Amino acid sequence: MDNTFKTVSSSHITISELMLPSHTNFSGKIHGGYILSLMDQIAFACASKFSGNYCVTASVDTVNFLKPIEVGELVTMKASVNYVGKSSMIVGIRVEAENIQTGVIKHCNSSYFTMVSKDKVGNNSPVPGLILTTLKEVSRFQNCLRQIEMKRLREEQKSIATFGSIDTILNSKKYNIKVELQ
């Protein structure tokens, strides 16, 4: 095992991009898929910078689009490694949009990407340990531990959860479903 450690600040990446009409969806707002693509790029850059290796996206957690992004706004994404495992890292990303005419900045999204470090032949590769230097970094690390535990519990529940018999579901007014079995 590699005994090297790096600070969270050594992983910091910031990107900014002006939102163009070509980035819009059918309602004229910036397409969420475009923002996700940019987020994946910054997660890759952040994880690769920290690990020194090529990295792949293993999962994306909690993508909530809080506010729409408009054409002409400057989107800035900030990323940092918040947690490390043996070969994995959780990268936290904050997305802000700035109206460049008024200077008003809005928080549009925060998300967490789990990235895995790969060696030259594609095998998982160890990542450096993480040095936490601020209470904010400790808090983010603890949040990642909670996320990991919640993910583990969700997976465990999938194998044991029952939501009642099919008759209970079919006769319930709780669900907005119509079943037409053939």
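This passage describes the overall fold of a predicted model and then two of its residues, S117 and L130.

In the predicted model, the secondary structure of the protein amounts to three helices and seven strands, and these elements succeed one another along the sequence in the pattern β-β-α-β-β-β-β-β-α-α. The radius of gyration of the protein is 20 Å, which is well over the 16 Å given by the globule rule for 182 residues, so the protein is more spread out than a compact globule. When the extent is taken along the principal axes, the C-alpha atoms of the protein fill a box of roughly 55 × 50 × 35 Å. Of the contacts in the protein between residues at least 6 apart in sequence, 70% join residues that are at least 24 apart.

With regard to the surface, about 11,500 Å² of the protein is exposed, and 56% of this area is supplied by carbon and sulfur atoms. Buried residues account for 31% of the 182 residues. The protein carries 20 positive and 15 negative charges, and the mean positions of these two sets are 3 Å apart.

S117 belongs to strand β6, which comprises residues 105–118. Because its relative accessible area is 0%, a value under the 20% limit, S117 is classed as buried. The side chain of S117 makes a polar contact with the side chain of N53, at 3.0 Å. When residues up to four places away in sequence are left aside, N53 is also listed among the residues that S117 touches, together with S51, Y54, C55, S87 and M89, and with N123, N124, S125, P126 and V127.

L130 is located in strand β7, which covers residues 129–131. The relative accessibility of L130 is 13%, and because this value is under the 20% limit, L130 likewise counts as buried. Again leaving aside residues up to four places away in sequence, L130 touches F5, K6, T7 and V8, as well as F50, the residues V81, N82, Y83 and V84, and F141. By contrast, the C-alpha atom of L130 is separated by 39 Å from that of N25, a residue 105 positions away along the chain.

Taken together, S117 in strand β6 and L130 in strand β7 are both buried, within a protein that is more spread out than a compact globule.

Note on methods. Residues are numbered from 1 along each chain as its sequence is written. This is a predicted model: local features need pLDDT of at least 70, side-chain atom pairs count only at pLDDT 80 or more; totals for chains, interfaces and linings use all residues. Side-chain values use heavy atoms; hydrogens and water are left out. Helices (H or I, at least four residues) and strands (E, at least two) are DSSP runs, numbered from the N terminus. Buried means under 20% relative accessible area, exposed over 50%, partly exposed in between (1.4 Å probe, protein chains only). A polar contact is a pair of N or O atoms within 3.5 Å; within protein, one must be able to donate a hydrogen and the other to accept it, and residues adjacent in sequence count only if both atoms are side-chain atoms. Contact means heavy atoms within 4.5 Å. The radius of gyration is taken over C-alpha atoms; the globule rule is 2.2 Å times the number of residues to the power 0.38. Accessible areas come from the Shrake-Rupley method with a 1.4 Å probe; for residues, only the protein chains shown count as cover. Lys and Arg count as positive and Asp and Glu as negative; His and the chain ends are not counted. The place of a charge is taken as NZ of Lys, CZ of Arg, CG of Asp or CD of Glu.
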